[in-house]
Structures are given as C-alpha cells and as structure tokens.
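Me: Could you take a close look at the nonpolar core of this protein, and set it against the rest of the chain? Please give the cut-offs behind each term as you go.

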Amino acid sequence: MTGTENGPAAYFPSIEKKYGRPVAEWKQLIRTSPLTKHMDLVGWLKAEHGLGHGHANALVAHTLAEDSGK
C-alpha cells in the first residue's frame, strides 16, 4: 500500500497492523463464508474475529465490489 488509497482500501494498513493478518487473508475468509449479504458479513467479522465495525465494513465493501467487478 502506498498510503494514497481512498475509500475502503484506506483502512487496509491499519487493519493489517491491528489484527496481524494480511488483507488478502481477510478477503479469503469473506469469500469462503457461507454469508453473502454485506451487513451479515460485517456482523460475522465483528462477532467471530473481533474486528471493529469500520474495519469490517471496509473489508466487506472492498471485497464485494471487487468480486462484482465494480
């Protein structure tokens, strides 16, 4: 990351630092989850993995946008 990221990706450096996992790992968890709805995934990351709301929301938003081609 260059530090010039906008939107959800701007959270990635702090997510990696705070939770000790690379963003790619979080995205893989999201993609392999049986959940598909944005807020269901956010709630799951918060409950099961201890992420804060903003970090979970950023990861889910970026992953779902990436997967939809947006």
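Reply: What follows starts with the fold as a whole, turns to the core, and ends with individual residues around it.

This is a predicted model, in which local features need pLDDT of at least 70 and side-chain atom pairs count only at pLDDT 80 or more, while totals for chains, interfaces and linings use all residues. Residues are numbered from 1 along each chain as its sequence is written, and side-chain values use heavy atoms, with hydrogens and water left out.

The protein has 4 helices and 0 strands, in the order α-α-α-α from the N terminus; helices (H or I, at least four residues) and strands (E, at least two) are DSSP runs numbered from that end. Its radius of gyration is 11 Å, which agrees with the value near 11 Å for a compact globule of 70 residues; the radius is taken over C-alpha atoms, and the globule rule is 2.2 Å times the number of residues to the power 0.38. The C-alpha trace spans about 30 × 30 × 15 Å along its principal axes.

Of the 70 residues, 27% are buried, where buried means under 20% relative accessible area, exposed over 50%, and partly exposed in between, with a 1.4 Å probe and protein chains only. Among contacts with a separation of 6 or more, 46% join residues 24 or more positions apart, a contact being heavy atoms within 4.5 Å.

Now to the core itself, defined as a set of buried Ala, Val, Leu, Ile, Met, Phe, Trp, Tyr and Cys residues joined through side-chain atoms within 4.5 Å. The largest such core has 14 residues, and those with the most contacts inside it are Trp-26, Leu-45, Leu-51 and Leu-59. Each of the helices α1 (12-19), α2 (23-32), α3 (38-49) and α4 (53-68) supplies at least two residues of this core. In soluble globular proteins, nonpolar side chains tend to be buried together. When residues up to four places away in sequence are not counted, Leu-59 touches Phe-12, Ile-15, Val-23, Trp-26, Ile-30 and Leu-51.

Ile-30 appears again among the contacts of Thr-63, which, with neighbours within four places in sequence left aside, also include Lys-27 and Arg-31. Thr-63 lies in helix α4 and counts as buried because its relative accessible area is 0%.

Val-23, another of the residues touched by Leu-59, is also in contact with Glu-16, as are Arg-21 and Pro-22, again leaving aside neighbours within four places. Glu-16 is in helix α1 and, with a relative accessible area of 32%, is partly exposed. The C-alpha atoms of Glu-16 and Thr-36 are separated by 23 Å, with their positions 20 residues apart along the chain.

Leu-35 offers a further case, since this residue is partly exposed because its relative accessible area is 30%. Leu-35 sits in the loop between α2 and α3 and, its neighbours within four places aside, is in contact with Asp-40, Leu-41 and Trp-44.

Glu-48, in helix α3, is exposed because its relative accessibility is 55%; from C-alpha to C-alpha, Glu-48 and Glu-66 are 23 Å apart in space.
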